[in-house]
Amino acid sequence: MENNSKFRVAIIGSGVSGSAAAYFLHKSLGDQVEIVVFEKEDRIGGRIRSIKVGDEEWETGGSIIHSENQYLSTIVDELGLEKKKHVYNDIGIWSGESFPFRTGKTKVGTLFNVLVRYGTSLVKAQPLVKDMIKKLAQIYFLQEKGEGYTDPESLFKKLGLYSLSQEKSYDYFRRNGISDRFIDEFMNGVSRLNYGQDASMHGLVNLVSLAGASFGGYLFAIKGRNSQICEAMLQNSSAKVLKNNRVTSIQKIEDKNNTKNKYIVTVEDGTKEEFDYIVIATPLEKAKIDFTNLELEENNRLSRPYQVTNVTYVSGKLNPNYFGLMKTEQIPANILTQENENIPFSSIELCKKDKVPGQNIYRIFSRQKLTEDLLNKLFRERAETKSLVWDAYPVLTPAAAWPSFVLEQGIYYVNAMESAISTMETEVMGSKNVVNLLLKDIASAIS
Ligand SMILES: Cc1cc2nc3c(=O)[nH]c(=O)nc-3n(C[C@H](O)[C@H](O)[C@H](O)COP(=O)(O)OP(=O)(O)OC[C@H]3O[C@@H](n4cnc5c(N)ncnc54)[C@H](O)[C@@H]3O)c2cc1C
């Protein structure tokens, strides 16, 4: 490859990881790189998606960013987007019959309720979360130095977090002196909200999930809608973005002199383009991409099971009788739930109070679609109901094998990261890792 020629990079997917890959690549290579982003949908953002309820946009997928998420916090500032703080207050944990735990009206009241119900378990959990955040944050330093890891396992080993990902949360937290009651009620409440899964998830992701309950920092979203992050990163990267272009195949064209292979990307309408490098920024098991002239290793052909999450927005008023209460105002603003097959939802969040007098806006997460019959029981009044179903995130139990960041030299796979943790920030970490690997490959190709 000539020193002065442009490198052509295809990025498949315009979610946060594809957009961040374009952003980081352009930052490092400027005009030396020509980036084409293929997106099968007619919109940008992937699992960051808002819908209109009433006259406002509400997040259905990636919603909350933690203040310690250095990439997204910085990118949001660099691109001039406005942050809006998100606070979870007035939390109640629903057992199916009652609220055995509820936060107090003041911080002191909440602390009192926590101590009475859970003893010192919360105090014991907090340093575990802080320690995980500290260890994970080492990645910013390593990636700034240009480090890239060929697979998530070596990355998390380097951070001292791999063994956590190989242990069920139930075992990990019990081993650290945290009570079953705290795990069953509080932790499962939070992990069912964030991942629709209970403490059979591994310890690492459960600590991340607790951080998402604003342990160790504050939470924010983007004023307007979160998908603006992806749009702004792509715009900044000068990438050519091809919406409504589903990639159907990637073909390797071997270089006979064995210097650098090329790849042909084909989209659904049969159009073909040639690239030097490919970044796959979407879960492979769902992308329906055929590989020609190249064989994927077994771990890269894994079909990870995904957690289905239904997101339902309702403009209306909850029915207090459903919860054995007298008035809607007595219902906690954030209802978390225990793992109990008789509870037909994972969480209910009051997003906005009295938008129109008498009508609040609620977001409900559930594993199954909420039936009309159930919605009629849950709500006293309903003006508008909108729902969307996601294959939301992998089932994050400890797994014997994870995919690699490198499918073969020249083809990188960001979503290998999701086998360990699925959040917007960790996907961006995956993108940075892949861009660092790609930069090293470019450097060796031109040397
Ligand atoms: C309900 C829900 C709530 C969440 N809440 C949070 C949260 O509060 N905080 C947080 O940090 N994270 C949250 N997450 C997780 C977070 O949203 C994801 O981890 C992240 O957005 C994944 O980004 P990605 O770019 O890797 O993948 P995706 O967003 O899935 O992007 C992949 C893109 O590739 C496209 N694509 C797929 N196949 C092809 C093809 N063959 N050709 C071309 N394009 C293709 C898709 O259309 C998509 O746009 C949540 C997720 C869900 C579903």
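# Notebook: helix contacts, ligand shell and single residues

**Asn236.** I began with Asn236, which counts as partly exposed because 16 C-beta neighbours lie inside 10 Å. The classes I use are buried for 20 or more other C-beta atoms within 10 Å of a residue's own, exposed for 12 or fewer, and partly exposed in between, with C-beta atoms placed from the backbone. The model is a predicted one, in which local features need pLDDT of at least 70 and side-chain atom pairs count only at pLDDT 80 or more, while totals for chains, interfaces and linings use all residues. Residue numbers run from 1 along each chain as its sequence is written.

I then placed Asn236 in helix 9, where helices (H or I, at least four residues) and strands (E, at least two) are DSSP runs numbered from the N terminus. Leaving out residues up to four places away in sequence, I found that Asn236 touches Tyr23, His26 and Leu79; contact here means that the C-beta atoms of two residues, placed from the backbone, lie within 7 Å. I also looked up the separation of Asn236 from Arg174, and their C-alpha atoms are 47 Å apart, with the two positions 62 residues apart along the chain.

**Helix 1 and helix 9.** Two of those contacts led me to the packing of helix 1 on helix 9, since Tyr23 and His26 belong to the helix 1 side, with Val16, Ser19, Ala20, Ala22 and Leu25, and meet Ile229, Cys230, Met233, Leu234, Asn236 and Ser237 of helix 9. By class I count nine nonpolar, four polar and no charged residues in this contact, taking Ala, Val, Leu, Ile, Met, Phe, Trp, Tyr, Cys and Pro as nonpolar, Asp, Glu, Lys and Arg as charged, and the others, Gly among them, as polar.

How do the axes of helix 1 (residues 16-29) and helix 9 (residues 228-237) cross? They come within 8 Å and cross at roughly 30°, where axes are lines fitted to C-alpha atoms, for helices over the stretch in contact, and angles run from 0 to 180 degrees between N-to-C directions. Helix 1 and helix 9 are therefore roughly parallel to each other; I take angles under 35 degrees as roughly parallel, over 145 as roughly antiparallel, 65 to 115 as roughly perpendicular and the rest as oblique. The crossing of helix 1 and helix 9 is left-handed, in the sense that the near helix is turned anticlockwise from the far one by less than a right angle (clockwise would be right-handed).

**Helix 8 and its partners.** Next I looked up helix 4 (residues 121-144) against helix 8 (residues 203-211), whose axes come within 9 Å and cross at roughly 100°, which makes helix 4 roughly perpendicular to helix 8. On the helix 4 side I noted Ala125, Leu128, Val129, Met132 and Ile133, and on the helix 8 side Leu204, Leu207, Leu210 and Ala211. The residues of this contact of helix 4 with helix 8 are nine nonpolar, no polar and no charged.

For helix 7 (residues 180-195) and helix 8, the axes come within 9 Å and cross at roughly 90°, so helix 7 and helix 8 are roughly perpendicular to each other. Here Met187, Val190, Ser191, Asn194 and Tyr195 of helix 7 meet Val205, Asn206, Ser209 and Leu210 of helix 8. By class the contact of helix 7 with helix 8 has five nonpolar, four polar and no charged residues. Leu210 is one of the helix 8 residues that I had listed against helix 4 and now list against helix 7.

**Ligand shell.** Which residues are the closest to the ligand? Among the 36 residues that surround the ligand, the closest are Gly13, Gly15, Gly46, Gly62 and Thr423, where a residue is near a molecule or strand if its C-beta atom, placed from the backbone, lies within 6 Å of it. Helix 1, strand 16 (306-318), strand 20 (379-394) and helix 12 (424-446) are the elements that give two or more residues to the shell. I split the shell by class into 14 nonpolar, 14 polar and eight charged residues.

**Positive phi.** I noted Asp90, in the loop between strand 6 (83-86) and strand 7 (91-94), with phi near 50°, a positive value in a residue other than glycine. Asp90 is partly exposed, because 16 other C-beta atoms lie within 10 Å. Lys288, with phi near 55° and likewise not a glycine, is found in the loop between helix 10 (284-287) and strand 15 (290-292), and 12 C-beta neighbours inside 10 Å make Lys288 exposed.

**Pairs distant in sequence.** Is Phe323 buried or exposed? Phe323 is buried, with 20 other C-beta atoms within 10 Å, although its place is in the loop between strand 16 and strand 17 (334-337). Phe323 and Gly96 are 227 residues apart in sequence, yet 8.2 Å apart in space, C-alpha to C-alpha. Lastly I looked up Ser73 in helix 2 (residues 70-78), which lies 147 residues from Phe220 in sequence and 9.2 Å from it in space, C-alpha to C-alpha.
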